[in-house]
Amino acid sequence: MGSPPIKELRILRVRDKKEKLTDKVAEELPLTIFVNGEELATLLCSPDDLKYLVLGFLYNEGIIKGVKDIKELRINKERGLASIKLKADIKNIKDVFQRRVITSGCSGFYNPSDLKLKKIKSNFKIKKEKINELMKELMQSSSVFRETGGVHISALCDDKKIIFFNEDIGRHNTIDKIIGRSL
């Protein structure tokens, strides 16, 4: 798991008075995703774990069912491009994507009647005290948040420990990266 790079910038802080100083910020990158040669979306993200981000995004949007659906995945971080070739052809990827629910809370529109969520059946149990313990551990693990205050963090856990976590400028990106790594 990577951590978002940090850079220092000169800023003007205005509180009781104006101050010029240096502050640390998490870097961000616009990443444009192409599927079968057609532009799908541009994500604003932290420039780390981009392969996991793309995989998780495509999976969460229902474009792929798993990594077996992908013929080729190329990332050009310097140009902010991700190119994915799927094994199966999708006639009009933008029509498929635009009908999808964007669940980030940051953008997108949906009709609640379009939601067809399956009920999850599981015997998984965890005590609320353990959840609180894992949350404290997660917050202590986020070095980039401690330095910048400008990233979100998500984790995959079992009932005993954090399996892995991810930080990103976008909260929805952290989930996409977790899902992508899981795939």
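A salt bridge is taken here as a side-chain nitrogen of Lys or Arg within 4 Å of a carboxyl oxygen of Asp or Glu. In the predicted model, the side chains of Glu 72 and Lys 85 meet this criterion, with an N to O distance of 3.7 Å. Glu 72 belongs to strand β5 (residues 70-76) and Lys 85 to strand β6 (residues 81-86), so the salt bridge ties together parts of the chain that are 13 residues apart in sequence. Glu 72 is partly exposed, at 26% relative accessibility, and Lys 85 is also counted as partly exposed, at 41%.

The protein comprises five helices and eight strands. Read from the N terminus, the order of these elements is β-β-β-β-α-β-β-α-α-α-β-β-α. Of the 183 residues, 33% count as buried. The accessible surface of the protein amounts to about 12400 Å², and carbon and sulfur atoms supply 50% of this area. Among contacts with a separation of 6 or more, 46% are accounted for by residues 24 or more positions apart.

Side chains of opposite charge can pair when their charged atoms come close. The structure holds eight salt bridges, one of which joins Lys 24 to Glu 147, with the closest N and O atoms 3.1 Å apart. This pair links distant parts of the chain, as Lys 24 is located in strand β2 (residues 18-26) and Glu 147 in helix α4 (residues 143-148), 123 residues apart. Both ends of the bridge are partly exposed: the relative accessibility is 31% for Lys 24 and 40% for Glu 147.

A further salt bridge is found between Lys 130 and Glu 133, where the closest N and O atoms are 2.8 Å apart. The two residues are three positions apart in helix α3, so about one helical turn separates them. Their accessibilities fall in separate classes. Lys 130 has a relative accessible area of 19% and is therefore buried, the limit for this class being under 20%. Glu 133, with a relative accessible area of 44%, is partly exposed. Elsewhere, Asp 48, Asp 168 and Lys 177 are linked in a network of salt bridges.

Helix α3 (residues 128-141) also contributes to a nonpolar patch on the surface, giving the most to it with three residues. The patch is formed by Ile 131, Met 135, Met 139 and Phe 145, which together have about 340 Å² of accessible area. Met 135 is placed in helix α3. The relative accessible area of Met 135 is 42%, and this residue is therefore classed as partly exposed. Membership of such a patch requires over 30% relative accessible area and no salt bridge.

Lys 177 of the salt-bridge network also takes part in the packing of two helices, being one of the α5 residues in contact with α1. The axes of helix α1 (residues 50-60) and helix α5 (residues 171-182) come within 6 Å of each other and cross at roughly 95°. The two helices are therefore roughly perpendicular, as angles of 65 to 115 degrees are assigned to that class. On the α1 side, the contact is made by Tyr 52, Leu 53, Leu 55, Gly 56, Phe 57, Tyr 59 and Asn 60. On the α5 side, the residues involved are Asn 173, Ile 175, Asp 176, Lys 177, Ile 179, Gly 180 and Arg 181. The buried residues of α1 include Leu 53, Leu 55, Gly 56 and Phe 57, which are also among those in contact with α5. Leu 50, Val 54 and Leu 58 of α1 are buried as well.

Helix α1 is followed by Gly 62, whose phi is positive, near 80°. In the loop between α1 and β5 lies Asp 69, which is partly exposed, at 23% relative accessibility. Leaving aside neighbours within four places in sequence, Asp 69 is in contact with Ile 64, Leu 86 and Lys 87. Of these contacts, the one with Leu 86 spans 17 residues in sequence, and the C-alpha atoms of Asp 69 and Leu 86 are 5.8 Å apart.

How values were computed
Residues are numbered from 1 along each chain as its sequence is written. This is a predicted model: local features need pLDDT of at least 70, side-chain atom pairs count only at pLDDT 80 or more; totals for chains, interfaces and linings use all residues. Side-chain values use heavy atoms; hydrogens and water are left out. Patches are made of residues with over 30% relative accessible area and no salt bridge: like charges are joined within 9 Å, nonpolar side chains (Val, Leu, Ile, Met, Phe, Trp, Tyr) within 5 Å. Accessible areas come from the Shrake-Rupley method with a 1.4 Å probe; for residues, only the protein chains shown count as cover. Helices (H or I, at least four residues) and strands (E, at least two) are DSSP runs, numbered from the N terminus. Buried means under 20% relative accessible area, exposed over 50%, partly exposed in between (1.4 Å probe, protein chains only). Axes are lines fitted to C-alpha atoms, for helices over the stretch in contact, and angles run from 0 to 180 degrees between N-to-C directions. Angles under 35 degrees count as roughly parallel, over 145 as roughly antiparallel, 65 to 115 as roughly perpendicular and the rest as oblique. Contact means heavy atoms within 4.5 Å.
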